[in-house]
Amino acid sequence: MINIIKPNDQSHFDLILTSYFVSLMKNSKQTMKKILTILIAMTLFWSCAPDKPTNQEEFPDQPAAKSAVESQIMDPTKGIGAVKNVTLKTPLEQERVSRGIAIYEMKCSACHRLDEKRVVGPGWKDITKTRKPEWIMNMVTNVDVMLEQDAEAQKLLELCLTRMPNQNVSIGDARDVLEYMRQNDGEK
Amino acid sequence: MKTIINSIGALALVASAFLMNSCQPKGPQEAVVGNAAAKVYVAPGQYDEFYNFVSGGFSGQVSVYGLPSGRLFRVIPTFSADPQTGYGYSEETKDMLKTSHGYVPWDDFHHTALSTTNGEHDGRWLFGNANNTPRVARINLKSFRTEEILEIPNSGGNHSSPFITENTEYVVAGTRFSVPMGANKDVPISSYKENFKGSISFIKVDQTTGDMSIAFQLRTPGFNYDLSRTGKGPSHGWFFFSCYNTEQAHTLLEVNASQNDKDFIMAVNWKKAEEYIAKGEGEKVKARYAHNVYSEKTHMTTSTIKDEVLVLDIMKYPDIVYFIPCPKSPHGCDVDPSGEYIVGSGKLAAMMPVFSFTKIQTAIANKDYEGDFQGIPVIKYESALHGEVQKPGLGPLHTEFDGNGNAYTSMFVSSEIVKWNVKTLEVLDRVPTYYSIGHLCVPGGPTKKPHGKYVIAYNKITKDRYLPTGPELTQSAQLYDISGDKMQLLLDFPTIGEPHYAEAIPASMLTAGSTKIYKLEENEHPYAAKGEKFTKVERNGNQVHVYMTAIRSHLTPDNIEGVRVGDEVYFHVTNLEQDWDVPHGFAIRGALNAEILVMPGETQTLKWKPQEAGVVPFYCTDFCSALHQEMSGYIRISPAGSNTPLKFSTGDTED
């Protein structure tokens with residue numbers, strides 16, 4: 001699923017979403033009806049949502065919140081947060097992997113499976129091949145901002161409809177989890 | 001010319017409007033209407049300036065309001081069980097309410113004491129007293145949870161409590177009712193004078209953990225010990241207690257305990273008591289009392305029964321305690337921020353005496369006594385007196401202070417707050433309260449550095465102030481602005497239970513340290529499942545332990561089989577969330593206790609005894625996500641003696 005959503009490809013989103021549901025939920029008519037209802041509801045919701053204020057005169061005290069967006073435009077695939085550059089080593093750092101497993105089991109496994117199957121959140125299979133390591137770590141450590149501002153994260157929320165919780169994972173711990181994800185994706 | 005006339009006319013109009021405005025009557029009601037709303041309006045999303053911790057009286061709990069808005073944020077379960085959170089019901093918290101009598105799920109919470117360092121608020125803990133089955137509680141101001149409850153032995157009702165010393169060295173607990181103490185307690189009630197004794201406990205507080213232990217008890221004459229305040233600054237090392245029923249009546253106290261023109265304020269030199277104890281004085285006396293401590297690591301209560309206390313009989317050490325005559329049936333006994341002045345509020349007196357700590361010390365040095373009570377020196381009234389506030393109002397109860405040398409006294413009978421100057425004793429202002437004020441609170445009022453700004457009245461009667469709700473009406477608080485010369489009524493707000501004493505502290509002292517989650521890594525609960533991988537169901541005889549996890553939006557395991565009628569099922573629910581404000585609840589049909597609310601990273605346990613065979617649903621009670629309604633599961637109950645295999649799962653769709 002994840003690999004077919006391209007960054008900033010808003011126009012194809014509905015189509016992708018539909019094809020996703022179709023592939024995931026098998027083709028019963030009931031399910032299709034439900035999906036259509038959801039899609040229509042979502043579209044209505046979007047179109048009814050109030051426009052964000054653009055008029056600076058009306059809200060003169062609002063700081064121009066550009067920096068985050070700008071950084072996203074600069075490198076849209078790295079996400080938003082404190083993690084700017086991650087250096088990956090080969091072979092895998094085994095100590096990180098084993099710490100990463102423990103963190104996964106405590107804080108992630110309730111919603112993320114290791115295969116491609118989505119339960120509450122997306123399955124992790126191939127995530128390190130489709131996301132930059134920085135994006136993954138920012139999503140884990142800065143999830144509230146990511147869900148507010150990062151287009152990719154927002155697409156996932158629209159898909160899963162459950163906000164990914166802030167699991168109070170430190171950047172160091174997120175790096176360990178990333179190493180485990182790499183192992184899960186077959187890296188040695 | 002015309003323009004000039006016009007201009008003059010316009011000027012006259014403006015002037016007359018101005019004059020008219022300034023000539024309007026300046027009654028207090030008019031003044032209130034003008035800007036009261038603006039003074040209490042806290043815009044949506046904005047924070048209040050103060051936390052107001054208000055005792056709940058017979059509700060047994062303490063409530064947390066914001067000031068100046070009067071908005072209720074939270075009720076902290078303390079001495080009463082609380083089925084909505086599971087406090088007092090869950091396996092982890094039920095022992096918090098354990099006493100030497102067994103499980104006591106209710107009490108009468110009268111007074112608060114915010115911890116202090118050097119006589120000023122430090123934002124660490126809030127102490128509270130249980131008036132009925134004598135206990136003192138400590139609430140952690142990071143988690144806003146009751147963390148410790150200590151029972152007080154040799155007490156007939158813990159009213160003059162939990163007042164604290166300047167650096168929170170001690171919390172005191174004085175008995176309201178004197179009772180027979182010693183080996184034989186089965187004595188005629190009419191032998192009061194001979195057999196009944198008072199008892200004042202000094203509870204030592206560990207400065208790091210807050211852990212409470214009874215350091216010593218003073219055995220005192222058989223009076224009723226009502227209220228108390230610590231000395232501070234120059235009077236640090238002393239404690240002052242109001243006593244009534246110095247007549248030592250045991251029946252119809254309304255009349256028989258109101259005979260003497262003067263009762264006593266008891267001045268206790270606790271540093272002197274410490275000296276005696278350091279010398280090995282005092283007697284270890286058998287006593288049974290419970291000490292309950294909740295751990296944030298194990299999420300469990302440890303309850304122990306203690307078996308002795310150290311007692312100092314003040315008859316043997318007459319330089320620990322001195323009596324000061326005080327008219328008439330004194331209630332409040334309040335010490336001003338300087339520590340020099342002690343205000344006695346005689347409920348039946350027509351004036352209020354203010355005693356001087358310096359004069360008390362001089363009188364003691366000069367043995368300026370009018371006599372003694374059973375060997376305890378009674379200081380001459382005039383020798384201890386700074387002066388009297390004349391005609392303050394009717395039925396003075398309690399006094400709080402601002403930082404500008406003013407005192408505010410609640411008048412129960414005349415339903416008013418009276419402002420007066422502590423040094424000059426001159427009455428400066430009075431405002432009505434609606435109705436029958438009991439306690440009152442100035443933020444930081446009992447400390448060396450009051451924050452001032454407001455006084456809050458806690459009223460006993462509301463009558464017509466709110467929409468009627470049948471025979472039982474809300475009790476209430478009223479907020480007054482005291483920043484000017486005249487007190488100004490700003491706001492009424494209803495309270496839980498019956499509000500007695502309350503305190504307020506600047507929000508800025510607490511907000512930064514507020515607990516947001518319990519870290520899963522630090523969860524040492526023996527039945528915690530720190531991750532779905534660790535969920536399981538174990539049978540141990542007829543006990544079934546379910547190690548369950550909760551996260552938006554499913555419980556694991558959510559299908560359980562192999563449980564039988566006659567089993568005791570323990571649902572140990574660990575909330576795997578690590579985000580602020582995401583509790584999960586757990587409830588099951590037919591539970592005879594309560595539900596539980598589980599905070600992020602926490603483990604709590606609900607015990608359940610299935611009564612009949614069938615399949616019983618359970619679910620999350622706290623709306624947690626869009627799929628909250630889906631957060632549920634089933635447990636299959638088989639008849640007693642059946643051999644349905646023990647099974648559990650989540651997400652398995654095939655058998």
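**Close-up views of a predicted two-chain model**

**View 1. B:Asn406 meets its bridge partner.** In this predicted model, B:Asn406 is paired with B:Asn421, its bridge partner in β29(B). The two strands shown here, β28 (residues 406–411) and β29 (residues 416–421) of chain B, run antiparallel and are joined by six bridges.

**View 2. The open sheet around that pair.** Step back a little, and four strands of chain B come into view, forming an open sheet in the order β27-β28-β29-β30 with antiparallel pairing. The edges belong to β27 (396–401) and β30 (427–432) of chain B; each has a single partner strand, so one side of each is left without a neighbour in the sheet. On average, neighbouring strands of this sheet are turned by 20 degrees against each other, direction ignored. As a reminder, strands of a sheet pair through backbone hydrogen bonds, either parallel or antiparallel.

**View 3. Helix α6 of chain B and its buried face.** Along α6 (residues 357–365) of chain B, look for the buried residues B:Phe357, B:Ile360 and B:Ala363. Seen down the axis of α6(B), the buried residues fall within an arc of 120 degrees, so they line one face of the helix. Their cover includes strands β17 (263–269), β20 (321–326), β22 (341–346), β23 (351–356) and β25 (376–379) of chain B, along with α7 (381–384) of chain B. Just after α6(B), you can spot B:Lys367, which takes a positive phi of about 50 degrees.

**View 4. Where chain A touches chain B.** Here, twelve residues of chain A are in contact with 20 residues of chain B. The chain A side of this contact consists of five nonpolar, five polar and two charged residues.

Key:
Residues are numbered from 1 along each chain as its sequence is written. Chains are lettered from A and ligands numbered from 1 in the order in which they are written. This is a predicted model: local features need pLDDT of at least 70, side-chain atom pairs count only at pLDDT 80 or more; totals for chains, interfaces and linings use all residues. Two strands pair if DSSP finds at least two bridges between them. Axes are lines fitted to C-alpha atoms, for helices over the stretch in contact, and angles run from 0 to 180 degrees between N-to-C directions. Two residues are in contact if their C-beta atoms, placed from the backbone, lie within 7 Å. Ala, Val, Leu, Ile, Met, Phe, Trp, Tyr, Cys and Pro count as nonpolar, Asp, Glu, Lys and Arg as charged, and the others, Gly among them, as polar. A residue is buried if 20 or more other C-beta atoms lie within 10 Å of its own, exposed if 12 or fewer, and partly exposed in between; C-beta atoms are placed from the backbone. The arc is that of the directions from the helix axis to the C-beta atoms.
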